[in-house]
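Open the model in your viewer and keep the selection tool at hand. The tour runs from the whole chain down to a single side chain.

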Amino acid sequence: MHARILMLLAVASLLLPPAQASGQNLKPADRGPWEINIFAGGFDDDYEFDPDGSRYFIDPDRNVLFGAGLAYHFPLGLYLGGDARFVPLDIVPLAGGVTDLNAFFFNSFLGLTIPLHERLDIFGVGGLTAVNWRPEVGDSEVDFGFNYGGGVRVYLTEKLALLGEYRMHQIPTAMETVTESVTGLTADETFWGNSWSAGFSYFFGGSKDSDHDGVKDDVDDCPDTPRGVRVDARGCPVDSDGDGVADYLDKCPNTPTGARVNADGCPIDSDGDGVFDGLDRCPNTPAGATVDANGCPVDSDGDGVPDHLDRCPNTPRGTRVDANGCPLPAVVEQPREAPVRSYTFEAVNFEFDSARLTQAGLTKLREIGQTLVTIPDVRVVLEGHTDSVGTETYNMALSRRRAESVRDGLLSAFSQLRGSQFSVNGFGESQPKADNSTEAGRTQNRRVEIKIGG
C-alpha cells in the first residue's frame, strides 16, 4: 500500500502541466535553501519480546505516526536536516489487555536530492536517531540508533511540494528498562521500525533569481538574461571570444582578438582584402590588391610602389622610380664653374704709409664684395703686404692693419657678410711681388691679397 502511494505521487508529477506552460520555473535555485515539512503515515515494527512463550509483543497493526522536520539545502543536492516523529505504539500481552507505549523519534540526517523532472525529484537520507520510550505504566527510557531511507517530492508550485517517504529506524538495543518495568522480564533485542509517510514540503529563504540564470538578483550584473543562456559568475551571458557579442547570439564564435564585428558577432572586412577591420593596418586597400598579414599592399621589389600599381615589378633595389614604379633617367651632374680663388688689392688703393683706403680703393672693394656675397658661406683669407721701405717690424704691423682695413670695409658695405667668415694675416715685406729697388716694383708690393673658398 505504501509503495502505491509513492508511485501515485510520481505519476501525478508527470500529469501536471509543464512549468513553462504554467508560467512557473521550478528550478531548485528559486525555491530557497530552507525546507520545512509536515507529514503523517503508518509505522510497522519488527520487535517481539518473547522470552517465555510469546506472552508480550508490540502490536504491528495499530501504529500510526505524525511528524515535522526542517532541513537546509546546499548546492549539488546535499542537505542537512532533522525531524521529530510521534508513534503511539501498543504493548499487547497475550493473556489480554493493552499497554500504551508512546514513542518519540528524533532524527538528524544528511540527505542527497536527485532531480528527475522539473516537478519531480527523489532523495535519500541517513543519520542518527534518539528515541524516547514512554509507556502508560512502567519506566521510560532513551535509546540511540540509526535512521535511513528515501522518498520523492512532487512540486505543486515553485516552493510547495507533495512529500512521500520511507524511513527505517534501527535501534540496536531497545526498551530494556521499559520491558522489565512492564513485564518483569529482561529484553535484549534490536528494534526495527519501518515508517511510510506522506505530507507537504515548503521551501523558503535565500535571494530571488528573477531571470533564472543561477545567479541571485543581489549579485547579478545582468538581471534580464534570457532563459537558458549560459552566464558567468556575474550573471552575464558568456562571451567566449571577447568580441562583445554573447555566445548565444554569436554566429561566428571564434573571432580573432581585436577584430571588429557586426551584430551577429562576425568580423567586418570593409575593404575586402581578407584582413578583418581592427587588425587591418591599411583599411582602405583598393579592390584586387595583394596584401600582407597586416592588410597592407605588397611591394615585392621594395621600390615604394605597391605591386598592384607597379608597371615595372622587378626594379633593382635602390633604383629611383616614378609613380608607376619604373626607373627614372640617371641625373647628370652639370660641371660647376670654378670659383674665383684670389683677388689682389694693390697699393694704389691705400694712402702712403697708411692703412686707410682711398676713394678708388673703396670703389674697387665694393666690386669685390658684390662677388663675395654670391658665394654661400664663403670663407675669406686676407693677406697684407708692404714694400721694403721702413723697418721689418714696422712693415709687419702695417701689412696686418691694411688687411684689417679691407675686412672692415667689406663688413661695413655688405651686411650679408659676417666677421667669422674672415681670416686676417700680415706678412710685411717678406713676400715681395716685384723688385723693391724701383718705384714701380715697390708699388706692386704694397698690396692686400684676397683669397676665397667655399
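Colour the chain by secondary structure: six helices and 13 strands appear in this predicted model. Stay with the whole chain for a moment. It has 454 residues, and 39% of them count as buried. Switch on the surface. About 24,600 Å² is exposed, with carbon and sulfur atoms supplying 56% of that area. Now turn to contacts. Among those between residues at least 6 apart in sequence, 54% join residues at least 24 apart.

Next, select residues 392–413. This is helix 5, with 22 residues. From first C-alpha to last, helix 5 reaches 32 Å, close to the 32 Å expected at 1.5 Å a residue.

Which residues of helix 5 are buried? Select Asn395, Leu398, Ser399, Arg402, Ala403, Ser405, Val406, Gly409 and Leu410. Look down the axis of helix 5: these buried residues fall within an arc of 150°, so they line one face. The general rule is that an α-helix has 3.6 residues a turn, so residues three or four places apart point the same way. Rotate to the other side of helix 5, where Thr393 and Ser412 are exposed.

Zoom in on Asn395, which sits in helix 5. Its relative accessibility is 1%, so Asn395 counts as buried; the cut-off is under 20%. What does Asn395 touch, leaving out residues up to four places away in sequence? Show Thr386, Asp387, Ser388, Val389 and Gly390, then add Gly428 and Glu429. Finish with a distance: a polar atom of the Asn395 side chain lies 3.0 Å from the backbone oxygen of Val389.

Key
Residues are numbered from 1 along each chain as its sequence is written. This is a predicted model: local features need pLDDT of at least 70, side-chain atom pairs count only at pLDDT 80 or more; totals for chains, interfaces and linings use all residues. Side-chain values use heavy atoms; hydrogens and water are left out. Helices (H or I, at least four residues) and strands (E, at least two) are DSSP runs, numbered from the N terminus. The expected span of a helix is 1.5 Å times one less than its number of residues. Buried means under 20% relative accessible area, exposed over 50%, partly exposed in between (1.4 Å probe, protein chains only). The arc is that of the directions from the helix axis to the C-beta atoms. Contact means heavy atoms within 4.5 Å. Accessible areas come from the Shrake-Rupley method with a 1.4 Å probe; for residues, only the protein chains shown count as cover. A polar contact is a pair of N or O atoms within 3.5 Å; within protein, one must be able to donate a hydrogen and the other to accept it, and residues adjacent in sequence count only if both atoms are side-chain atoms.
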